[in-house]
Number of protein chains: 2
Amino acid sequence: MISGKFAITIHILTLLTKFPNDFLSSEFIAGSINLNPVLVRKEIANLKANHIVESKEGKNGGTKLAVDSSKLTLKEIFEMTFETIGLGYAKNQPNPDCPVGKKINQNLDALYSEMNQKVSAQLEGISLEDFSNQF
Amino acid sequence: MISGKFAITIHILTLLTKFPNDFLSSEFIAGSINLNPVLVRKEIANLKANHIVESKEGKNGGTKLAVDSSKLTLKEIFEMTFETIGLGYAKNQPNPDCPVGKKINQNLDALYSEMNQKVSAQLEGISLEDFSNQF
DNA sequence: TATATTTGTAACATATTTTATTACAGTATG
DNA sequence: CATACTGTAATAAAATATGTTACAAATATA
């Protein structure tokens with residue numbers, strides 16, 4: 001899951017923020033995203049591993065936020081779901097006998113690294129609460 | 001082609017910048033990228049459509065830069081190959097009857113739009129010449 | 001305690017997207 | 001006129017993303 005991971009996770013977290021006192025079921029959440037509940041549970045597993053949510057098994061179980069939405073920033077969500085941003089790499093290893101092939105990935109890395117810093121700075125300025133308040 | 005398009009295009013352009021007086025064949029370029037020559041020609045077709053390179057058919061044909069590498073910025077290359085950056089969307093249309101589902105994509109759009117502005121500003125400051133000089 | 005409901009997770013299936021290959025007509029060079 | 005390219009279409013293969021089914025384990029509550 002690459003393209004949808006961040007979007008799905010932030011969608012889940014927004015719902016949890018809107019209902020901070022309820023354990024929401026994966027089925028309910030899936031209904032809002034229009035996604036298979038199993039995939040929702042998979043993203044929730046990731047959120048649990050990062051101690052962002054807690055969930056309760058069994059009847060009337062579900063998931064709820066375990067952190068203060070004003071303290072969690074989009075940067076952290078980004079890092080939990082995307083690792084890093086960039087404009088990609090050629091799939092195959094470039095020719096190491098060519099001066100350009102030899103250094104292209106290194107130079108792209110440097111470029112993307114700077115890009116990440118800028119994007120991170122932006123995302124760090126937005127809390128989950130801020131984002132949720134837009135709805 | 002999503003992940004590799006920018007990387008491949010900038011690799012091609014770097015080679016062309018390094019050999020500004022030669023028509024380089026797709027086979028030669030493919031050898032540096034380690035990519036099928038047909039895919040190189042496809043990216044070159046895109047560059048041609050944007051008047052960045054010119055190419056010559058027939059024997060001893062190939063491609064050469066048609067612009068001044070100090071005038072072309074990475075922003076333009078980005079726009080020719082990537083359109084826009086972002087952290088993706090859930091694949092299916094979210095539930096329009098849910099307040100969150102109804103506005104999630106719109107709010108993501110706004111977030112990604114700001115992200116693009118930051119990335120564009122960064123890329124605008126780097127010319128193809130600058131990039132090529134790193135090799 | 002029995003039933004219903006929900007998570008957690010694995011295994012498998014399908015769809016979509018990327019990348020690669022083959023083929024060949026058209027064009028310029030020498 | 002033989003050779004070496006581009007341009008492009010059609011097809012194939014590989015990789016990745018998404019969806020489905022199944023079921024054990026957990027827990028509320030009747």
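Start by colouring chain A and chain B differently: about 3900 Å² is buried between them, and carbon and sulfur atoms give 69% of that. (Buried area is the accessible area, taken with a 1.4 Å probe, that two parts lose on being put together, summed over both.) Now pick out B:Leu87, B:Gln122 and B:Phe135, which lose the most area to chain A, together 17% of what chain B's side buries.

A quick word on what you have open: this is a predicted model, where local features need pLDDT of at least 70, side-chain atom pairs count only at pLDDT 80 or more, and totals for chains, interfaces and linings use all residues. Residues are numbered from 1 along each chain as its sequence is written, chains are lettered from A and ligands numbered from 1 in the order written, and side-chain values use heavy atoms, leaving out hydrogens and water.

Next, select the contact residues (heavy atoms within 4.5 Å): 48 in chain B touch 48 in chain A. On chain B's side, show helices α1 (5-18), α2 (26-33), α4 (74-81) and α5 (99-124); helices here are DSSP runs of H or I, at least four residues, strands are runs of E, at least two, and both are numbered from the N terminus. Zoom in on α5(B), which gives the most to that side, with 15 residues.

Looking for salt bridges (a side-chain nitrogen of Lys or Arg within 4 Å of a carboxyl oxygen of Asp or Glu)? Between chain B and chain A the count is 0.
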